[in-house]
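Biologist: I'm new to looking at protein models, and I'd love a close look at one part of this one. Could you start at a single residue, tell me where it sits, and then walk me onward from there?

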Amino acid sequence: MRNELIIVLDFGGQYNQLIARRVRECQVYCEVHPYTLSLDKIKEMNPKGIIFTGGPNSVYGEDALSYSKEIFELGIPILGICYGSQLMAHLLGGTVKTAPVSEYGKTEVTVDKKSKLFQEVQEKSICWMSHTDYIAKVPEGFEVTATTANCPVAAMEYKEKRLYATQFHPEVVHTKEGTKMLSAFVKDVCQCSGDWEMSSFVEEAVTSLREKIGNGKVLCALSGGVDSSVAAVLLSKAVGKQLTCVFVDHGLLRKNEGDEVEEIFGPKGNYELNFIRVNAQERFYEKLAGKVDPEEKRHIIGEEFIRVFEEEAKKIGAVDYLAQGTIYPDVIESGLGKSATIKSHHNVGGLPDHVDFREIVEPLRMLFKDEVRKVGLELGIPDYLVFRQPFPGPGLGVRIVGDVTENKVKIVQDADAIYREEVDLAVKEGLIQNPPNQYFAALSNMRSVGVMGDFRTYDYAVVLRAVCTDDFMTADCTDIPFEVLQKCMNRIINEVKGVNRVMYDLTSKPPGTIEME
C-alpha cells in the first residue's frame, strides 16, 4: 500500500480489529500486527503512528506480553489503549498496580480539553472501561489528562514525544466520543491527511493483480456471497478470460441458493466469466458424517473445497493461482500472534498444509466487510448483490450444531427460508423499526418432547438469530416484535418436518459470535 499507515500492535486484546476499523473510518489506512513485529520491520513499514491494544494480562505478571523500550525512541506517535496504556507506563518507569476498585462498563470521564486528544470532546464524557489494574504513578515527563471517580489516570500524555495513553477504550461504540479521540490522534497528532479511499483501492488492486498474475491462469472460489463475488469481479477486471470461477455446491447452502448463484454468474448471467458449477453435496456429507466440533467441521469443509478445486484445475489445464474472497476479519479472527483464535475460517486457518497451486491470491484480504461492499459498488455490481446478507464459507455446516446430515440440512434450509421471508416482509411493512443486518435460522442439537395434534413428538429446536451491526465485529440482538416471532414460530413448526420448538437468540457479540455454532 502507498497510503499513509497506522499500525495496531496487538497484545491479545478483544477489540484489535475494531481499533483498525475505527481508524479507517477516519480515511486513514490501518493494519493489525502481532506484538512480536520487529523494530526493523516497523521502520521498514514507516508508519505515521502506532497504537497498542488492550490485553488480558497484567504488565507485571510472569506471562505479560511486552515490547522493547526502543519503540518509544523512533519518533513515531504512539497511543496506548487499556493494557497498552499500562504497558507504556510500565516500560517508561511508571507504576502499575491492582486497582482498589475495578471499573467495567460505561464510566463518566473528566478530560483535559487542552490535550490534542480531547479538544473536540466534552469535558465530561461517557467512556467504556474494562480493567482490574491501573496506573498508580505516571512516568517522568507525562501529564494526567483524564480521570474518573475511581481511576486517577484515565489518560496521560507526553506531548513533546507524542506519546498518548487512555485507560478506557475509545474504539468501542459505548465510548460516545471515541471516534473524535481516534481522529484527533491520527489527524492532529500523527498528521495524517486521510488518503484511504475505495476508488484508489480498486485502481491499485487491479494494477497489482495484473503485475502479480501476468499471463497466469486463475481459479476463483466463487460462493455467490458478497466477498467472493466482489473478488471475482475485481479479478475479472484485472485479468479477464484468464480467470475461471468454480462454484462448489457443497450441499450446505441456503434454500435454492445454488441455482440462484448459477443464474447470476453462469452463462445466462451478467458477467463474462468462465463459470463452472460442481455439485459435490454427497461428497461433503460423507466427510462430515459424525463430526460435531465446529472447528473440525470448518477444517474438513476447507480441505474438501481445496481438493475439489485441485481436481477442477487439472481438468482445465495448468492453473497458477487460487483466488479467494478472504477479508480482514477472517484473518484476524483466525488468530494473530498471541490473540485468541475465535474461529478458523475455511479460507484462512482451514486450508490444508499442501495446496497444489503456485500461490493463493486474496485481493480483499486487508478489507473489512463494509469496505468490500464499497469496492463492489465502485465495480458496478448491483446493490442487491453488494448488500446481500453475509454467509459463512462453511455454510450450514456451522449453523447446524452437532453432526451434519442431509435431513438436518433440509430442516434448517426450510426454517431459514421461512424466517428470512417473514423478516423481510415485516421490514417492508414497517413492523421492525431497526432492521437487522444479518438474520438466519440455525439448528440446535437439542431434541425435546412436544405435542402435535394427538401425537407425542421428539424433534429438534430451531434457533432464530438477528443482529444489528455496523462492522460485523460487534453486534447487538435486534428487537423483533413478538407478533413477528410468533408468526415465524407457527410457520416453521407447521411447515418444517422434524421441528417442534423455536427459540430466539438474544446474545450480543461479544460475548457470542454472530454465527450460531
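Modeller: Happy to! Let's start at Pro-510, which lies in the segment after strand 18, a strand that covers 499–504. Keep in mind as we go that this is a predicted model.

What kind of peptide bond joins Lys-509 and Pro-510? The bond is cis, with omega at about -15°. Now step along to Pro-511, which is also placed in the segment after strand 18. The peptide bond leading from Pro-510 to Pro-511 is cis too, with omega near 10°. These bonds deserve a second glance because most peptide bonds are trans.

From the backbone at those prolines, we can move on to another backbone angle, phi. Most residues other than glycine have a negative phi. Cys-82 has a positive value instead, near 55°. You will find Cys-82 in the loop between strand 4 (78–81) and helix 3 (83–91). Is Cys-82 buried or exposed? Its relative accessibility is 5%, so Cys-82 counts as buried.

Arg-162 also has a positive phi, near 55°, and is a residue other than glycine. Arg-162 belongs to the loop between strand 8 (155–158) and strand 9. Its relative accessible area is 31%, so Arg-162 is partly exposed.

Follow the chain past strand 9 (163–166) and you come to the loop that leads to helix 4 (178–189), where Thr-175 lies. With 3% relative accessibility, Thr-175 counts as buried. Which residues does Thr-175 touch, leaving aside those up to four places away in sequence? They are Ile-126, Cys-127, Trp-128, His-169, Pro-170 and Met-181.

Next, let's look at helix 6, residues 226–239. Its 14 residues should span 20 Å at 1.5 Å a residue, and the C-alpha atoms at its ends are indeed 20 Å apart, so the two values agree. Of those 14 residues, 12 are buried, which means that helix 6 is largely enclosed by the rest of the structure. Among the buried ones are Val-226, Asp-227, Ser-228, Leu-234, Leu-235 and Val-239. Just after helix 6 comes Gly-240, with a positive phi of about 60°.

Now for how helices meet one another. Helix 5 (residues 198–213) and helix 11 (residues 369–378) have axes that come within 9 Å and cross at roughly 75°. Angles from 65 to 115 degrees count as roughly perpendicular, so helix 5 is roughly perpendicular to helix 11. On the helix 5 side, the contact is made by Met-198, Ser-199, Phe-201 and Val-202. Helix 11 meets them with Glu-371, Lys-374, Val-375 and Glu-378. Sorted by class, this contact has 4 nonpolar, 1 polar and 3 charged residues.

Our last stop is helix 8 (residues 281–288) and helix 9 (residues 294–316), which pack at an angle of about 145° with their axes 10 Å apart. The crossing of helix 8 past helix 9 is right-handed. Helix 8 brings Arg-283, Phe-284, Lys-287 and Leu-288 to the contact. On the other side, helix 9 contributes residues including Lys-297, Ile-300, Ile-301, Glu-304 and Phe-305. The residues of this contact divide into 6 nonpolar, no polar and 6 charged.

Key
Residues are numbered from 1 along each chain as its sequence is written. This is a predicted model: local features need pLDDT of at least 70, side-chain atom pairs count only at pLDDT 80 or more; totals for chains, interfaces and linings use all residues. Side-chain values use heavy atoms; hydrogens and water are left out. Axes are lines fitted to C-alpha atoms, for helices over the stretch in contact, and angles run from 0 to 180 degrees between N-to-C directions. Helices (H or I, at least four residues) and strands (E, at least two) are DSSP runs, numbered from the N terminus. A crossing is left-handed if the near helix is turned anticlockwise from the far one by less than a right angle, and right-handed if clockwise. Contact means heavy atoms within 4.5 Å. Ala, Val, Leu, Ile, Met, Phe, Trp, Tyr, Cys and Pro count as nonpolar, Asp, Glu, Lys and Arg as charged, and the others, Gly among them, as polar. The expected span of a helix is 1.5 Å times one less than its number of residues. Buried means under 20% relative accessible area, exposed over 50%, partly exposed in between (1.4 Å probe, protein chains only). Angles under 35 degrees count as roughly parallel, over 145 as roughly antiparallel, 65 to 115 as roughly perpendicular and the rest as oblique.
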